[in-house]
Amino acid sequence: SAFAFWWLDVRATRELGQSIKAESRKFEFKLLKEFPITFWLLCLICGFFYCGIFPFIADAPDFFTFKFQISRTDASYYAGIAYDLSLFLSPLFGRSIDMIGMRISFTLVAASIQIIVYMIFAFTLWNPAVGMVLLGISYSIGASSIWGSIPLVVPKNAVGTANGFTTSVQMGIIAIWNILVGSLAPAIIPGGGVK
């Protein structure tokens, strides 16, 4: 995959000419303070949106084993459904969102689906696949709408930096969230949490 990416990069640079290289070299880190408020809000939205996905999926096998009385192997299969679905759905939702626009509306839809997912897990005994399919849909819509918004709110020569900074903010928020979830899990799920 690294070779394929290198080849695509070389090809794009050849097709777009030297103008793309010249533009990308003009960025300086001091310009971060000039990023619009919409970028900083996107960073926070991204971090908090993913807090509803990554930490849950990490602890889902413990939760499913406890709540649904299923084997650890089956629980792990259920936990992976969201990622499996996103493999196929993210490109489809990404294309649809590019065509339709309304990225913030799609982000709200994704967050609303997450709320429904956690209500299903909290108040029903439905098969865990139902919630995980919905979580996969939420994940795919959210990733497509949030990450696709970043290039729209920052200068062209700062997209890579903006994506990198957003990833750092996202991972920082998720790290804190994982610590909180890990400390609460033993009180909620016997055998759950930090081992």
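This dialogue reads a buried serine, a surface patch and the salt bridges in a predicted model.

Q: Where does Ser 145 sit in the fold?
A: Ser 145 belongs to helix H8, which covers residues 128-147.

Q: Is Ser 145 buried or exposed?
A: Read the relative accessible area; under 20% counts as buried. Ser 145 has 0%, so it is buried.

Q: What does the side chain of Ser 145 reach?
A: Look for a polar partner. The Ser 145 side chain reaches the backbone oxygen of Ile 141, at 2.9 Å.

Q: Which residues are in contact with Ser 145, leaving aside neighbours within four places in sequence?
A: There are Ile 97, Arg 103, Phe 106 and Thr 107. Keep Arg 103 in mind; it returns below as a partner of Asp 98.

Q: How should I read salt bridges, and how many does a search of the whole structure find?
A: Side chains of opposite charge can pair when their charged atoms come close. Here the search finds two salt bridges.
One of them joins Asp 62 to Arg 72, with the closest N and O atoms 2.5 Å apart. This pair links distant parts of the chain: Asp 62 lies in helix H4 (residues 54-68) and Arg 72 in helix H5 (residues 72-79), 10 residues apart.

Q: Are Asp 62 and Arg 72 buried or exposed?
A: Take each residue in turn. Asp 62 has a relative accessible area of 14%, so it is buried. Arg 72 has 46%, so it is partly exposed.

Q: Which residue forms a salt bridge with Arg 103?
A: Asp 98 does, and the closest N and O atoms are 2.8 Å apart. Arg 103 is buried, with a relative accessible area of 16%. Arg 103 is also among the contacts of Ser 145.

Q: Now the surface. Which residues form the nonpolar patch?
A: Look for nonpolar side chains that group on the surface. Here they are Ile 37, Leu 41, Leu 44, Ile 45, Phe 48, Ile 104 and Leu 108. Together they have about 690 Å² of accessible area.

Q: Which helices each supply at least two residues of the patch?
A: Map the residues back to their helices. Helix H3 (37-51) and helix H7 (103-123) each do. H3 gives the most, with five residues.

Q: Take Ile 37 in helix H3. Is Ile 37 buried or exposed?
A: Apply the cut-off again: exposed means over 50%. Ile 37 has a relative accessible area of 60%, so it is exposed.

Methods. Residues are numbered from 1 along each chain as its sequence is written. This is a predicted model: local features need pLDDT of at least 70, side-chain atom pairs count only at pLDDT 80 or more; totals for chains, interfaces and linings use all residues. Side-chain values use heavy atoms; hydrogens and water are left out. Helices (H or I, at least four residues) and strands (E, at least two) are DSSP runs, numbered from the N terminus. Buried means under 20% relative accessible area, exposed over 50%, partly exposed in between (1.4 Å probe, protein chains only). A polar contact is a pair of N or O atoms within 3.5 Å; within protein, one must be able to donate a hydrogen and the other to accept it, and residues adjacent in sequence count only if both atoms are side-chain atoms. Contact means heavy atoms within 4.5 Å. Patches are made of residues with over 30% relative accessible area and no salt bridge: like charges are joined within 9 Å, nonpolar side chains (Val, Leu, Ile, Met, Phe, Trp, Tyr) within 5 Å. Accessible areas come from the Shrake-Rupley method with a 1.4 Å probe; for residues, only the protein chains shown count as cover. A salt bridge is a side-chain nitrogen of Lys or Arg within 4 Å of a carboxyl oxygen of Asp or Glu.
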